[in-house]
Structures are given as C-alpha cells and as structure tokens.
Amino acid sequence: MILQNKTAIVTGATRGIGHAIAVRFAKEGCDVAFCGRTRNEKMIAVEQELSALGVKAKGYATDVAEYEQAQAFVKDVLADFGKVDILVNNAGITDDSAVKRMTEEQFDRVMHTNLKSVFCMTKAIQPAMWRQGHGSIVNIGSVVGIAGNYNQANYAASKAAIIGFSKSCAKEFAARNIRVNVVAPGFVQTEMTADIPKELMDTWCSRIPMKRPGTVDEVAQACVFLASDMCPYITSVVLPVCGGMEDA
C-alpha cells in the first residue's frame with residue numbers, strides 16, 4: 001500500500017471522481033478527510049465505506065470556495081488527524097452555455113466553485129505543509145482547460161486558471177518539498193454521463209483514440225501516483241488522463 005501512514009484531504013468526495021479518489025486512497029492505506037456542502041446520508045455512507053477499508057475517515061460539511069470555511073475545515077482536520085500529507089482539490093461544477101447566451105451569474109458561479117476553492121484550500125493547507133517540510137497537492141483540472149470546448153467557456157477558463165495557479169504554487173512551494181501537480185481528465189464515465197444516449201456516447205468515443213471513455217478509478221490511480229513518494233521529483237506537471245484526446 002503506497003500511501004500507508006499518510007493523511008489526505010479530498011474535496012468533493014461524495015460522488016464521481018472525488019469519491020473514486022477517496023476510495024482508491026483508502027485502499028492504498030491512506031487516512032482520508034473529505035467534505036461536502038452538507039452532512040447528509042451520502043456523506044455518512046462514504047465515511048462508513050472508507051472506514052471499512054481499515055483507515056481513519058471523516059466527512060465534514062463545508063463550502064471550500066468560502067475562505068473562512070476552508071480555513072476552519074483545515075484547522076478541524078489537523079486537530080482530528082494530526083497532519084495532512086496530501087491535498088486533492090476536486091470540488092467543481094459545470095454550468096454550460098454558449099458565450100452569447102451565458103449569463104454573468106453562470107460565469108461567476110463556475111469560476112467561484114472551481115477556481116476559488118483551489119485557492120482557498122491551498123492557502124489553508126500551505127502553512128501546515130510548510131512547517132512539516134513536505135506535502136503533495138493534486139489539483140483536478142480537465143483537458144477542456146487545455147484545448148477548450150464548445151459551450152464550456154466558463155468551465156474551460158476555470159480549469160485553465162487552475163493550471164496556471166498550480167504551476168505558480170509549484171515554484172513557490174518547491175523549496176519546502178511541497179509538490180503541486182494537475183490531473184486533467186478527459187471524457188470520464190460518471191453518474192452524470194449514465195443517461196447519455198448510446199448514439200451520442202458512440203459519437204464522442206469515436207473521437208477518442210482509445211475509443212472509450214475513461215473510468216473514475218483510472219483518474220484516481222493517476223492521483224495516487226502524484227500524491228505518493230514514487231515521484232518525489234515531479235512537480236508543476238499537468239497529467240492528461242484522456243485516452244489520447246486531441247490537443248490534450
């Protein structure tokens with residue numbers, strides 16, 4: 001288990017890619033603190049699922065895009081777990097529209113959730129990682145942040161900004177052995193894609209060189225690698241997990 005004796009924070013871990021990351025980390029021996037906006041049945045179920053894998057796990061109700069809530073969240077995790085070795089910034093939303101129809105509210109909401117959450121959590125965890133002299137931050141981007149996409153200018157802008165933010169932090173934090181990297185998924189099959197008609201799914205997959213969508217666990221495994229001690233000299237990297245999608 002390559003994350004044995006480590007502690008991670010994973011944001012947005014009650015579903016989709018974030019849930020897969022939390023589960024994969026737990027299977028690799030990592031204690032996991034995670035969060036969602038409310039402490040509901042789903043959060044409790046994830047907490048029990050992770051604990052059953054033999055690690056310490058706890059869910060917290062917080063909005064990580066709000067500065068003071070992020071600060072309080074990290075403070076609570078450090079009190080409960082004693083340390084944080086890994087931060088995975090996964091929380092994110094989409095609100096798609098062509099630019100000519102996109103409202104200011106749509107743009108602001110996506111940027112606030114996707115980008116500001118990364119700033120708030122990085123700002124909150126940096127002092128503790130700085131003091132301990134090590135850490136790994138893995139930010140979940142998207143190939144859309146590299147190549148752009150129709151009707152996703154707000155989402156693409158948020159993910160492109162995460163890349164610039166991560167590369168800047170990597171340079172600032174490297175002196176204290178804190179690595180900052182980005183995993184950029186392509187088209188990944190999640191609960192949100194389950195209702196896509198087969199014809200549309202086939203069309204999308206035909207544009208992927210590997211001819212299939214990715215899985216959430218394939219994204220999670222990339223996060224495990226970047227979070228682990230297997231790559232102590234890797235920082236400021238954007239790792240596409242996309243089956244060879246064009247422009248990734």
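Let's start in a loop: N177 lies in the stretch between helix 6 (153–173) and strand 6 (178–185). Keep in mind as you look around that this is a predicted model. What is the phi of N177 near? It is near 60°, a positive value in a residue other than glycine. That's worth a pause, because most residues other than glycine have a negative phi. As for its surroundings, N177 counts as partly exposed, since its relative accessibility is 43%.

K211 makes a good companion to N177. You'll find K211 in the loop between helix 7 (198–206) and strand 8 (214–215). Its phi is also positive and near 60°, and K211 isn't a glycine either. With a relative accessibility of 54%, K211 counts as exposed.

Now move over to helix 3, which runs over residues 67–81. Those 15 residues reach 21 Å from the first C-alpha to the last, close to the 21 Å expected at 1.5 Å a residue. Which residues of helix 3 are buried? They are A70, F73, V74, V77 and F81. These buried residues sit on the same side of helix 3, because they cover an arc of only 95° around the axis. The general idea is simple: an α-helix has 3.6 residues a turn, so residues three or four places apart point the same way.

What does that buried side pack against? Its partners are strand 1 (7–11), strand 2 (31–36), strand 3 (57–61) and helix 4 (104–132). Turn to the face pointing away from the buried side, and you meet the exposed residues E68, K75 and A79. Right after helix 3 comes G82, with a positive phi near 90°.

Next, the inside of the protein. The largest nonpolar core has 33 residues, and those with the most contacts inside it are I21, F25, L50, I86, V88, V138 and V183. Which elements each supply at least two residues of this core? The contributors are strand 1, helix 1 (16–27), strand 2, helix 2 (41–51), strand 4, strand 5 (135–140) and helix 8 (216–227). Take I21 as an example: leaving out residues up to four places away in sequence, I21 touches V10, V88, I140, A220 and C223. Apart from this core lies another one, of 24 residues, and F73, V77, V84 and M129 are among them. You've already met F73 and V77 as buried residues of helix 3.

Back in helix 1, have a look at H19. Is H19 buried or exposed? It counts as buried, because its relative accessibility is 19% and the cut-off for buried is under 20%. Beyond its neighbours within four places in sequence, H19 is in contact with G12, A13, T14, V46 and E49. For a sense of scale, H19 and S117 are 98 residues apart in sequence, and their C-alpha atoms are 17 Å apart in space.

Another buried residue to visit is S97, with a relative accessible area of 12%. S97 is found in the loop between strand 4 (86–89) and helix 4. Not counting residues up to four places away in sequence, S97 touches M102, Q106, N151 and Q152. One of these partners deserves a closer look: the backbone nitrogen of M102 lies 3.4 Å from a polar atom of the S97 side chain. G164, by contrast, is 67 residues from S97 along the chain, and the two C-alpha atoms are separated by 24 Å.

Let's finish with aromatic rings. A pair of aromatic rings is described by the distance of the centres and the angle of the planes. How many aromatic pairs does a search of the whole structure find? It finds four. F187 and W204 form an edge-to-face pair, 5.2 Å centre to centre, with 85° between the planes. F187 lies in the loop between strand 6 and strand 7 (188–189) and W204 lies in helix 7, so the pair ties together parts that are 17 residues apart in sequence. F187 is buried, with a relative accessible area of 17%, whereas W204 is partly exposed, at 32%. Elsewhere, ring pairs link Y67, F119 and F165 into a cluster.

Methods:
Residues numbered from 1 in each chain as written. Predicted model: local features only at pLDDT ≥ 70, side-chain atom pairs only at ≥ 80, totals over all residues. Heavy atoms only, no water. Helix = DSSP H or I, 4+ residues; strand = E, 2+ residues; numbered from the N terminus. Expected span 1.5 Å × (residues − 1). Buried < 20%, exposed > 50% of the residue type's maximum accessible area, 1.4 Å probe, protein only. Arc of directions from axis to C-beta. Contact = heavy atoms within 4.5 Å. Polar contact = N/O pair within 3.5 Å; in protein donor to acceptor, adjacent residues only side chain to side chain. Core = buried A, V, L, I, M, F, W, Y, C linked by side-chain atoms within 4.5 Å. Phe/Tyr/Trp six-rings, centres within 6.5 Å; stacked < 30°, edge-to-face > 60°.
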